[in-house]
Amino acid sequence: MRGFFCFAPLAIALLLPAQAFAAELHELPGAAMPLWWALPFAGLLLSIATGPLLFPHLWEHHYGKIAAGWAALVVVPLAAAFGLPAASEAVLHTLLTEYMSFIILLFALYTISGGILLAGNIHGTPLTNAGLLLTGAMLASVIGTTGASMILIRPMLRANDNRPFNAHVVIFFIFLVSNIGGSLTPLGDPPLFVGFLRGVDFFWTTVHILPDTLFVGGLVLAVFLAIDIFLHRRENGAPKIKDPTPDSKVRLRGLPNLPLLAGVIGAILLSASWKPGISIPIFGVGLELQNLVRDAIILILAFVSLAVSRKEYRAANGFSWGPIAEVAKLFAGIFICIVPVVAILRAGLGGALAPLVSLVTSANGQPNDLAYFWLTGALSSFLDNAPTYLVFFELAGGDAKHLMMEAASTLAAISAGAVFMGANTYIGNAPNFMVYAIARHGGVKMPGFFGYMAWSGLVLIPTFLIAGFLFF
């Protein structure tokens with residue numbers, strides 16, 4: 001677990017001499033900031049997109065240093081240009097009010113779900129596979145796309161390891177379980193939790209994105225079933241492959257972790273309903289008491305999971321701290337690098353990103369929901385969908401109450417675009433590449449980066465075109 005939260009203490013140590021603690025709150029002058037302030041953000045996301053593919057060895061050993069380098073290219077110029085108090089307040093406000101809660105939730109879901117093992121094996125018929133995909137998609141909004149993916153990908157691989165055609169099963173698993181299924185609650189996908197931290201109600205997406213999710217998920221699942229039936233029939237005439245994992249009774253292990261997952265949900269609901277009106281200053285940043293209590297409960301539940309889970313269950317799941325450590329370090333850099341971008345976006349048409357504002361604004365000055373859906377989705381396909389969501393959330397005004405009510409369709413478009421289209425590439429959402437790596441390690445002949453995009457282009461893009469026409 002060492003190194004999970006290395007960025008926040010480092011930033012605090014560097015940015016907070018005594019005089020900064022007593023400084024008044026400062027806002028960065030976004031209207032006066034040129035576009036080059038966004039270069040570190042773009043550079044970090046480009047590094048995340050290309051590093052594992054172009055220089056995997058270097059990336060594996062130095063991704064934390066690379067992220068820290070991009071973050072330094074934001075922190076140092078901010079302090080030089082606007083003064084240490086303004087820079088420290090802006091960065092620390094993001095780290096303490098958003099990043100820490102964000103990574104604590106991911107850490108807890110990853111840790112608790114890692115102690116749940118679906119043991120045994122079943123035969124991967126088309127109906128069985130469709131049932132597993134449907135189950136995973138439903139679980140994704142409860143235990144997160146990461147949790148659902150890690151629990152179910154190995155049973156899915158075991159069920160289909162005697163089939164000559166099985167790569168498509170993993171591809172649709174990424175579509176449905178690692179992305180689309182996580183669209184209904186802040187637990188499901190990181191961008192929605194970012195929205196929750198910004199004030200979006202917990203069940204807002206459950207109500208407003210449900211029709212979109214049912215349509216998109218149902219259509220993609222139907223396409224999978226048709227393809228799997230066709231390939232399964234072709235396999236009947238092919239030479240039989242000895243099943244390396246014969247069918248056996250399926251058992252759910254690690255049951256003590258289930259109430260811990262329920263506890264995480266309860267803690268989030270508590271913070272959404274309990275508003276004592278108490279703010280506790282930490283390093284000059286006011287943190288709401290309900291949020292501190294929520295994060296403390298979630299952390300405690302994660303450590304309880306470590307104490308009550310059997311090591312052999314985690315070993316069977318291939319559980320390790322590497323993936324969550326990487327996410328923690330990279331997202332610390334992302335949250336720091338996005339600070340000047342958010343400031344520019346808040347300036348609207350008066351800022352350097354005015355052309356982007358114009359793209360999502362119709363001639364009468366109203367938001368263009370279809371443009372929000374596609375632009376959020378397009379960037380979420382190649383960048384990371386959590387910061388992309390945040391960019392367009394701010395672009396739409398950044399006021400959660402206004403977005404949930406008067407601009408509900410705009411927030412729905414942003415939410416759906418960020419979650420759904422994270423499935424378009426291997427790098428659109430954190431679980432995508434994890435599932436890809438596990439499948440390749442398990443012997444599945446997975447398509448490369450552009451081969452996968454061919455699948456998403458043929459299946460997902462037409463689905464999103466129809467969904468955009470129907471809902472936005």
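Hi everyone, let's start at a turn. Strand 3 and strand 4 make a hairpin with two residues between them, and Phe283 in that turn has a positive phi of about 55°. Before I go on, please keep in mind that this is a predicted model.

Back to the hairpin. Strand 3 covers residues 279–282 and strand 4 covers residues 285–288; the two run antiparallel and are joined by four bridges. If you want one pair to click on, take Ile280, whose bridge partner in strand 4 is Leu287.

Strand 4 also takes us to our next topic, since it is among the elements that give two or more residues to the lining of the largest pocket. That pocket has a volume of about 1,300 Å³. Its lining counts 47 residues, and those nearest the centre are His93, Thr97, Glu98, Leu197 and Arg198. Which elements build the wall, with two or more residues each? Besides strand 4, they are helix 5 (84–114), helix 8 (190–197), helix 11 (257–273), helix 12 (289–308), helix 14 (322–346) and helix 18 (400–404). Helix 5 gives the largest share, 10 residues. For those of you thinking about chemistry, the lining splits into 22 nonpolar, 12 polar and 13 charged residues.

Now for the second largest pocket, with a volume of about 940 Å³. Here 32 residues form the lining, and Pro323, Glu326, Ala430, Phe433 and Met434 lie nearest the centre. At least two lining residues come from each of helix 3 (39–54), helix 4 (56–82), helix 5, helix 6 (126–159), helix 14 and helix 20 (430–441). Which helix supplies the largest share of this lining? That would be helix 14, with seven residues. By class, this second lining holds 21 nonpolar, seven polar and four charged residues.

Let's move on to enclosed space. There are five cavities of 30 Å³ or more in the structure, and the largest of them has a volume of about 100 Å³. Its lining consists of Leu106, Tyr110, Thr146, Pro190, Pro323, Ile324, Val327, Phe331, Ala430 and Met434. You may recognise Pro323, Ala430 and Met434, which we just met among the residues nearest the centre of the second largest pocket. Helix 5, helix 14 and helix 20 each bring at least two residues to the cavity lining, and helix 14 gives the most, with four. What is the class make-up of this lining? Nine residues are nonpolar, one is polar and none is charged.

Last stop: a helix pair. Helix 7 (residues 167–176) packs against helix 21 (residues 449–471) at an angle of about 65°, and their axes are 11 Å apart. Is the crossing left-handed or right-handed? For helix 7 and helix 21, the crossing is right-handed. On the helix 7 side, the contact uses His168, Ile171, Phe172, Ile174 and Phe175, and these meet Tyr452, Trp455, Ser456, Val459 and Leu460 in helix 21. Sorted by class, that contact has eight nonpolar and two polar residues, with no charged ones.

So that's the tour: a hairpin, two pockets, a cavity and a helix crossing. If you keep one element in mind, let it be helix 14, with the largest share of the second largest pocket's lining and the most residues in the lining of the largest cavity. Thanks for listening!

Methods
Residues numbered from 1 in each chain as written. Predicted model: local features only at pLDDT ≥ 70, side-chain atom pairs only at ≥ 80, totals over all residues. Heavy atoms only, no water. Pairing = 2+ DSSP bridges. 1 Å grid on protein atoms, 1.4 Å probe; cavity = no way out; pocket = protein on both sides within 12 Å on 5 of 7 lines; lining within 4 Å. Points joined across faces, edges and corners; volume = space filled by probe spheres on them. Nonpolar A, V, L, I, M, F, W, Y, C, P; charged D, E, K, R; others polar. Axes fitted to C-alpha atoms, helices over the stretch in contact; angles between N-to-C directions. Left-handed = near helix turned anticlockwise from the far one by under 90°. Contact = heavy atoms within 4.5 Å.
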